[in-house]
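Please report on the salt bridges of this model and on the overall form of its chain. The sequence and structure come first.

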Amino acid sequence: MSAAQSAAHRFRPHRRSAAVGALVVAGLCGTLLAPPASSAADAQALDAPRIRDLQGSTRLSPYAGRQVTDVAGIVTGVRTYGSRGFWIQDPEADGSAATSEGIFVFTSSTPRVAVGDDVLVSGTVGEYYPGGAASGGQSLTQISRPAVTVRSSGNELPAPVVLDADTVPDRYAPAGDPAADNSVEGLQLDPAAYALDLYEALEGMNVEIGDAPVAGPSTSFFELWVTLEPDTNPTAGGGTRYASYTAQNPGRLKIESLVPVAQRPFPAADVGDVLAGPTSGPLDYDEFGGYLLAARSLGEVVPGGLEPETTRPQRADELAVATYNVENLHPGNSQEKFDRLAAAVVDNLAAPDILALEEIQDNSGPTDDGTVAADLTLQRFTDAIVAAGGPRYEWRSIDPVDGADGGQPGGNIRNVFLFNPERVSFTDRAGGDATTATGVVKERGRAHLTLSPGRIDPADAAWEDSRKPLAAEFTFRGETVFVIANHFTSKGGDQPLYARHQPPVRSSEEQRLLQAQAVNAFVREIRSAQRTAQVVVLGDINDFEFSATTEALEAGGALESAVNSLPRDERYTYVFQGNSQVLDQTLVSPAIRRYDYDIVHINAEFADQASDHDPQVLRFRP
């Protein structure tokens, strides 16, 4: 799927639109926790508290649920779209690094204040959980149902806090309290030690960044990601690599603009570009990346010159096996998308001999009408490849049971093999269908599949609401090669890196672990019949090269992940919330001793994408 990271990766709800010249919310969801007053004293409005008193020195306000009157501050930012409201900040700081001097005032309608206004705000203090408390994210302290008095206008803003490599801690988050389900909410903030604590201690305050490399490309949601620590886990493309569960890259920060796109279009940016000059505004928080700078003043994007990569062609005696997640391809897509994907197969991937595709949808796409066949999708795609100067690929696939394999509702995504019959032969063994498992037999000392193409144990609970692996036999220059195409279950339901539970819970990993064990067992079955069997397992594994999922695939020496053959700064196929990371993998059995592996970076780092995944190709001599 896609980068997460999760169904978050792929099917996150559209929260805003540029329609009618401004950003408009399509749906806001969250949880507002405001505990009821526990005593008569608590029921009384708190008169003229300082903002730092409302914020407190933990993640939760000590005054949540209380009425407050005449909270004073200078308006530092106004948001007229989405979650409408404004930020105020006390111009006289108390000197404590753990207590924020800023707070968001939620108005629900367009605010009637301006930046620089000196205001008094009365209302209710609460903790708002963007995306809902069940998502595991942190909360945002805010004042709601406000009554606002403007005392004066045109005031100087409080000086911004500068965020850079010197001010952001190297450690990302504290360990949560085991007695509180690993929650960090009750812990005292330590902004000198942990990046999440620093950002929380600055919540709602005026902050500023200088020249910052773009670590995540701009998106249709009018956002981009920068890194304030470009020397931490750098990638070859200029991004930031997610290298382990404890290498979260604390310097990542999302940038949005408070200026509606009708007034100033949000800039297009690729990884490796630089957001140059000062960018300043309140530090905010949302469910699509955690802490973000809501830019009152946005810097200029300076191009870094990153270009899509092209892999070398395979030699005559090399078999090239590739995989590409084509992101919900169906006949309703534009011809431009088909053409761009086809051109990438021909030019960037150098027309591989075998191509495993993920996310091929049925002929009616997301229309949920019972259609499961995908021949129209595949015919149009292979025609586009020919038009781009590529070979006339043939295909093999198995239609799924309607609605049984997850993905976009109605789309019935599946794994598909394309192959060039001028270079490789497909071994057809009839009988494979959505519910029948292929097996392994030994004939004359060699392993063969009982069904080709065939699905691996489709009735196993590991594949519930998920794509079933597609296994096939190919012959190249007289040698049999087994290829298994995969699209493991997504990361939907996982808690984010910035969760209030630390470490975050990765609940989706349980199913992928079962899937990896099933594929590993099938590969071992092939190797038990023929120890020298050449097996390639590839596709959208939806998990990292250092994950338990990958360990399970490799267990017992059955496979090794080819990604580890690359330099560390080239190990990524997807960019999610500013982290370049591995989701797609290619693994090989021990009989494939020497190989040349390439992740072809053509999508993930770019604002203009044909797919959100980068393809990969493996070349070897069978």
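The report below takes the whole chain first and then its charged pairs.

This is a predicted model, in which local features need pLDDT of at least 70 and side-chain atom pairs count only at pLDDT 80 or more, while totals for chains, interfaces and linings use all residues. Residues are numbered from 1 along each chain as its sequence is written, and side-chain values use heavy atoms, with hydrogens and water left out.

**Overall form**

The protein chain has eight helices and 35 strands; these are DSSP runs, numbered from the N terminus, with at least four residues for a helix (H or I) and at least two for a strand (E). Along the principal axes, the C-alpha atoms fill a box of roughly 90 × 50 × 50 Å. The radius of gyration of the protein chain is 27 Å, which agrees with the value near 25 Å for a compact globule of 622 residues. That radius is taken over C-alpha atoms, and the globule rule is 2.2 Å times the number of residues to the power 0.38.

Of the 622 residues, 58% count as buried. Buried means under 20% relative accessible area, exposed over 50%, and partly exposed in between (1.4 Å probe, protein chains only).

**Salt bridges**

Side chains of opposite charge can pair when their charged atoms come close. A salt bridge is counted here when a side-chain nitrogen of Lys or Arg is within 4 Å of a carboxyl oxygen of Asp or Glu. By this rule there are 31 salt bridges. Three of the pairs are listed here.

| Pair | N to O distance | Separation in sequence |
|---|---|---|
| Arg340 and Asp608 | 2.8 Å | 268 residues |
| Arg423 and Asp353 | 2.8 Å | 70 residues |
| Asp428 and Arg396 | 2.8 Å | 32 residues |

Arg340 forms a salt bridge with Asp608. The pair links distant parts of the chain, with Arg340 in helix H5 (residues 335-348) and Asp608 in the loop between strand E34 (596-599) and strand E35 (616-620). Arg340 is partly exposed at 28% relative accessibility, whereas Asp608 is exposed at 53%.

Arg423 and Asp353 also meet in a salt bridge. Arg423 lies in the loop between strand E22 (414-419) and strand E23 (425-427), and Asp353 in the loop between H5 and strand E20 (354-360). Asp353 is buried at 0% relative accessibility, while Arg423 is partly exposed at 26%.

In the pair of Asp428 and Arg396, Asp428 lies in the loop between E23 and strand E24 (440-443) and Arg396 in strand E21 (residues 394-397). Asp428 is partly exposed, with a relative accessible area of 46%.

Elsewhere, Arg50, Arg52, Asp90, Glu92, Asp94 and Glu101 are linked in a network of salt bridges.
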